[in-house]
Amino acid sequence: MLSHSRCLTRNFGRSLSAVRQGSNVLARRATAALSSSHAITLNKNVKCDPWSSVFQIQYFRTSVAYRNEVVTVKTPAFAESVTEGDVRWEKAVGDTVTEDEVVCEIETDKTSVQVPSPAAGVIEELLIPDGGRVEGGTPLFKLRKGAGAPKAAEAPEAVVPAAVAPPPPAATPPPPSTVGPIPTTMPPVPPVPAHAMDTKPVSAIKPTPAPAASVAQAEEGTKAARTESRVKMNRMRLRIAQRLKEAQNTCAMLTTFNEVDMSNISEMRKTYKDAFLKKHNIKLGFMSAFVKAAAYALVDQPAVNAVIDDTTKEIVYRDYVDISVAVATPKGLVVPVIRGVEGMNFTDIEKAINMMGEKARKNELAVEDMDGGTFTISNGGVFGSMFGTPIINPPQSAILGMHGIFDRPVAVGGKVEIRPMMYVALTYDHRLIDGREAVTFLRKIKSVVEDPRVLLLDM
């Protein structure tokens with residue numbers, strides 16, 4: 001009995017030692033003796049099965065195994081209107097990443113989807129080449145968790161030997177001075193030559209010509225500077241080009257123009273901008289006035305808010321107003337949608353525009369933020385545009401183009417005055433909207449912006 005007990009204790013001790021070292025292989029080897037040995041006899045009558053009760057554990061999973069675990073990160077699910085996208089890698093194989101650090105971006109037709117790292121580690125393998133096309137659920141890359149921590153710890157140690165400065169060389173005795181005694185008398189003056197030296201005037205000296213080789217090199221450098229490069233169009237730019245061409249081929253686009261006197265709205269903004277900023281913590285701009293005026297005009301002219309369903313050959317009238325505001329980003333033009341504008345005031349509109357603009361600058365716009373929209377406003381005035389004809393954003397039927405505000409002489413009450421004026425343009429689908437509705441719509445916007453009291457009087 002004593003010998004069996006010692007054998008059991010020794011084998012179990014090996015198992016515990018293997019567990020502490022975090023090795024599953026050692027644990028199996030150490031416990032193998034228990035499975036191959038016979039049952040232990042106690043008092044020659046009672047047999048004890050070594051695999052009963054406490055000896056049921058055969059495999060051990062420790063934190064050491066989890067630390068070097070390799071996981072496969074897949075493409076996140078897209079929105080319903082998006083089926084695929086192109087991968088743009090931000091990291092390469094062997095790069096160390098932290099948790100939630102962006103590894104790649106998936107460019108879709110409408111926006112870019114960022115793919116973060118689920119944990120800290122090292123990129124083991126990229127499963128999709130740069131620019132490759134992926135769908136929702138496609139494996140993207142393999143990540144080894146926690147593998148980057150030891151490298152970060154070793155970095156300071158490698159710098160320590162380099163930081164130690166070499167010992168200074170032993171000081172050498174200064175060389176013996178060779179300076180003689182200080183003279184007490186003036187040195188003799190050299191004699192003046194009898195004939196003056198031959199000299200030439202400055203104008204007679206010809207400049208040395210530059211070597212021909214340097215001139216040839218300069219000409220070659222000038223010629224080499226005339227280069228060109230090719231960059232592949234991203235999916236968003238391709239989709240924008242496709243939609244603009246579809247609008248030209250489908251819609252019978254016509255543009256009507258008008259001009260808006262911005263004197264009253266500029267005076268109102270100047271008077272209340274500080275109080276507005278203090279109360280709402282947001283600046284008061286001109287966009288809120290035009291968005292609200294457009295919503296007011298769309299309710300008054302429902303044909304401009306409608307759309308033609310080419311599949312069923314029907315006209316779809318909307319009893320709601322969702323206005324898309326065009327925002328320029330480095331990757332292309334995006335049009336986030338402000339929904340339910342007919343029930344908003346100036347403050348609500350300014351907050352919505354500011355929120356959408358911030359998300360666009362941070363590349364955080366989702367596809368849902370740009371879906372829908374019954375009317376679009378494009379403000380080219382922020383870039384100094386004076387005049388232009390916008391293109392319809394399908395499947396909408398009209399778009400309003402704003403431009404820059406410039407002082408111009410205008411006739412007011414029979415007199416010429418200098419007023420801040422803005423040209424506005426309305427491009428509409430002439431298949432659905434007649435000239436009467438288009439001109440009336442644009443004049444309604446003009447009247448509301450020039451005198452916001454029209455909104456209060458419902459005129």
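**Notebook: sheets, helix packing and a few local details**

I began with strand pairing, and my opening note is that Cys104 has Val115 of E7 as its bridge partner. The model I am reading is a predicted one, and I keep that in mind for every entry below.

**Entry 1: the sheet around E6**

I followed the pairing of E6 with E7 further and found it antiparallel, with five bridges between the two strands. A hairpin of four residues leads from E6 into E7. On the other pairing I looked up, E6 (residues 102–107) runs antiparallel to E4 (residues 84–89), and four bridges hold this pair in my list. Here I noted Asp86, whose bridge partner in E6 is Glu107.

I then asked in what order the strands of this sheet are arranged. The order is E7-E6-E4-E9, in an open sheet of four strands with antiparallel pairing. E7 (112–116) and E9 (133–135) are the edge strands, and because each has a single partner strand, one side of each is left without a neighbour in the sheet. From one strand to the next, the twist averages 40 degrees.

I also checked what lies across this sheet, and found helix H6 (residues 235–250) placed across E4, E6, E7 and E9, with a direction at about 140 degrees to E4.

**Entry 2: a sheet with E3 and E5 at its edges**

I next looked up an open sheet of four strands in the order E3-E10-E8-E5, where the pairing is again given as antiparallel. Its edge strands are E3 (70–74) and E5 (96–97), each of which pairs on one side only. For E5 I traced the partner strand, E8 (residues 121–126), and the two pair in the antiparallel sense over two bridges. Within that pairing, Thr96 has Val122 of E8 as its bridge partner.

**Entry 3: H8 and its two helix contacts**

I turned to helix H8 (residues 287–300) and took its contact with H9 (residues 346–361), where the axes come within 9 Å and cross at roughly 115 degrees. That angle makes H8 roughly perpendicular to H9, and the crossing is right-handed. Which residues meet there? From H8 I wrote down Met287, Ser288, Ala289, Val291 and Lys292, and from H9 their counterparts Phe346, Ile349, Glu350 and Ile353. Sorted by class, this contact of H8 with H9 holds six nonpolar, one polar and two charged residues.

For H10 (residues 435–450) I recorded an axis separation of 9 Å from H8 and a packing angle of about 135 degrees. H8 and H10 are therefore oblique to each other, and H8 passes H10 in a right-handed crossing. On the H8 side the contact is made by Ala289, Phe290, Ala293, Ala294, Tyr296, Ala297, Leu298 and Asp300, which meet Phe441, Lys444, Ile445, Val448 and Val449 of H10. This contact of H8 with H10 divides into eleven nonpolar, no polar and two charged residues. I marked Ala289 as taking part in the contact with H9 and also in the contact with H10.

**Entry 4: H7 against H9, and the loop after H7**

I then looked at H7 and H9, whose axes are 13 Å apart and pack at an angle of about 70 degrees. That makes H7 roughly perpendicular to H9. Met268, Phe276 and His280 of H7 make the contact with Phe346, Thr347, Glu350 and Lys351 of H9, and by class the residues divide into three nonpolar, two polar and two charged. Of the H9 residues, I noted that Phe346 and Glu350 are listed here and that they are also listed in the contact with H8.

In the loop between H7 (263–280) and H8 I stopped at Asn281, since this residue is not a glycine and still has a positive phi of about 60 degrees.

**Entry 5: the loop between E18 and E19**

I searched the whole structure for aromatic pairs and obtained four. In the one I wrote up, the ring centres of Phe387 and Tyr423 are 5.2 Å apart and the planes stand at 85 degrees, so the pair is edge-to-face. Phe387 sits in the loop between E18 (375–379) and E19 (398–412), while Tyr423 belongs to E20 (residues 415–429), and the two are 36 residues apart along the chain.

Pro395 is also found in the loop between E18 and E19. I checked the peptide bond from Pro394 to Pro395 and noted it as cis, with omega near 5 degrees.

Key: Residues are numbered from 1 along each chain as its sequence is written. This is a predicted model: local features need pLDDT of at least 70, side-chain atom pairs count only at pLDDT 80 or more; totals for chains, interfaces and linings use all residues. Side-chain values use heavy atoms; hydrogens and water are left out. Two strands pair if DSSP finds at least two bridges between them. Axes are lines fitted to C-alpha atoms, for helices over the stretch in contact, and angles run from 0 to 180 degrees between N-to-C directions. Contact means heavy atoms within 4.5 Å. Angles under 35 degrees count as roughly parallel, over 145 as roughly antiparallel, 65 to 115 as roughly perpendicular and the rest as oblique. A crossing is left-handed if the near helix is turned anticlockwise from the far one by less than a right angle, and right-handed if clockwise. Ala, Val, Leu, Ile, Met, Phe, Trp, Tyr, Cys and Pro count as nonpolar, Asp, Glu, Lys and Arg as charged, and the others, Gly among them, as polar. Rings of Phe, Tyr and Trp (its six-membered ring) pair if their centres lie within 6.5 Å; planes under 30 degrees apart count as stacked, over 60 as edge-to-face and the rest as tilted.
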